[in-house]
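Me: I would like to learn how to read the features of a structure. Can we go through them one at a time?

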Amino acid sequence: MKLVFATNNLNKLKEVQALIPSKIQLLSLNAIGCNEDIPETSPTIEGNAKQKAQYIKLNYGYDCFADDTGLEVDAINGAPGVYSARYAGETKDANANMDKLLNELKGKENRNAQFKTVIALELNNKLVTFTGICEGVITLDKRGDKGFGYDPIFQPNGYSETFAELPMAEKNKISHRGKAVQQLIDFLSH
Ligand code: IMP
């Protein structure tokens, strides 16, 4: 069975391919000739994941799964949330995004935050979602050089390191995306 993973990140694709039953063959967006930007116009993380999976089914005919992630910070009512990638502007600059967030939180005592990943799976004309959450705090400064995005300022609960200070394998075990992917794998394996 062929299943599209709505990504062109081949590392992500390989990682998931290695974990699911071998009878399911994962295809990237490139592999099905989808080179346009898929619309992500929903005001929610769930909505965007569903929109992407449904777009592929409708326009390319393949069963598909898509993921969407956001960082939700308590003290600013869950922002940047669905707008995490472009929080500081359309250039999607990770450093500028972190600077803006650190600035917003200046003087605020509550620094609790969570990463949320939703994976939407369009399979056999049914749409199912899997949600992974990782809770933590926003640090006062950037620490570490691994990972990407907001990793240098996110310290998961129970750890003294930020995501950017943890080895990737350690991050994957506890991360929002790791948890959502595990649920997807369990579902596809049954
Ligand atoms: P996407 O939906 O996976 O593209 O994620 C949206 C945005 O959330 C990214 O551009 C990053 O800024 C941020 N983000 C997603 N996952 C992570 C993560 O694991 N660590 C840090 N930032 C992340």
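Reply: Start with one polar contact: a polar side-chain atom of Gln155 is 3.0 Å from the backbone oxygen of Tyr159. A polar contact is a pair of N or O atoms within 3.5 Å; within protein, one must be able to donate a hydrogen and the other to accept it, and residues adjacent in sequence count only if both atoms are side-chain atoms. The model is predicted, so local features need pLDDT of at least 70 and side-chain atom pairs count only at pLDDT 80 or more, while totals for chains, interfaces and linings use all residues. Residues are numbered from 1 along each chain as its sequence is written, and side-chain values use heavy atoms, with hydrogens and water left out.

Me: Where does Gln155 lie, and is Gln155 buried or exposed?

Reply: Helices (H or I, at least four residues) and strands (E, at least two) are DSSP runs, numbered from the N terminus. Gln155 belongs to strand S7, residues 154-156. Buried means under 20% relative accessible area, exposed over 50%, and partly exposed in between (1.4 Å probe, protein chains only). Gln155 has 18% relative accessibility, so Gln155 counts as buried.

Me: Which residues surround the ligand?

Reply: A residue is near a molecule if one of its heavy atoms lies within 4 Å of it. Around the ligand are Asp68, Thr69, Ser84, Ala85, Phe115, Phe148, Gly149, Tyr150, Asp151, Lys171, His176 and Arg177. This shell divides into four nonpolar, four polar and four charged residues. Here Ala, Val, Leu, Ile, Met, Phe, Trp, Tyr, Cys and Pro count as nonpolar, Asp, Glu, Lys and Arg as charged, and the others, Gly among them, as polar.

Me: What polar contacts does the ligand have with Asp68, Tyr150 and Asp151?

Reply: A side-chain N or O atom of Asp68 is 3.3 Å from an oxygen atom of the ligand. A nitrogen atom of the ligand is 3.1 Å from a backbone N or O atom of Tyr150. For Asp151, a polar side-chain atom is 2.6 Å from a nitrogen atom of the ligand. On its own the ligand has 470 Å² of accessible area, and the protein covers 82% of that. Such areas come from the Shrake-Rupley method with a 1.4 Å probe; for residues, only the protein chains shown count as cover. Strand S3 (64-73) and helix H5 (176-189) are the elements that give two or more residues to the shell.

Me: How do I read a helix such as H5?

Reply: An α-helix has 3.6 residues a turn, so residues three or four places apart point the same way. In H5, the buried residues are His176, Arg177, Ala180, Val181, Leu184, Ile185 and Leu188. They lie on the same side of H5 because they cover an arc of only 160° around the axis, taken from the directions from the helix axis to the C-beta atoms. Lys179 is also in H5, and is partly exposed at 36% relative accessible area.

Me: What is unusual to look for in the backbone?

Reply: Most residues other than glycine have a negative phi, and most peptide bonds are trans. Ala79 and Pro80 are joined by a cis peptide bond, with omega about -5°. Asn124, not a glycine, has a positive phi of about 50°. Asn124 sits in the loop between strand S5 (112-123) and strand S6 (126-138), and is exposed, with a relative accessible area of 56%.
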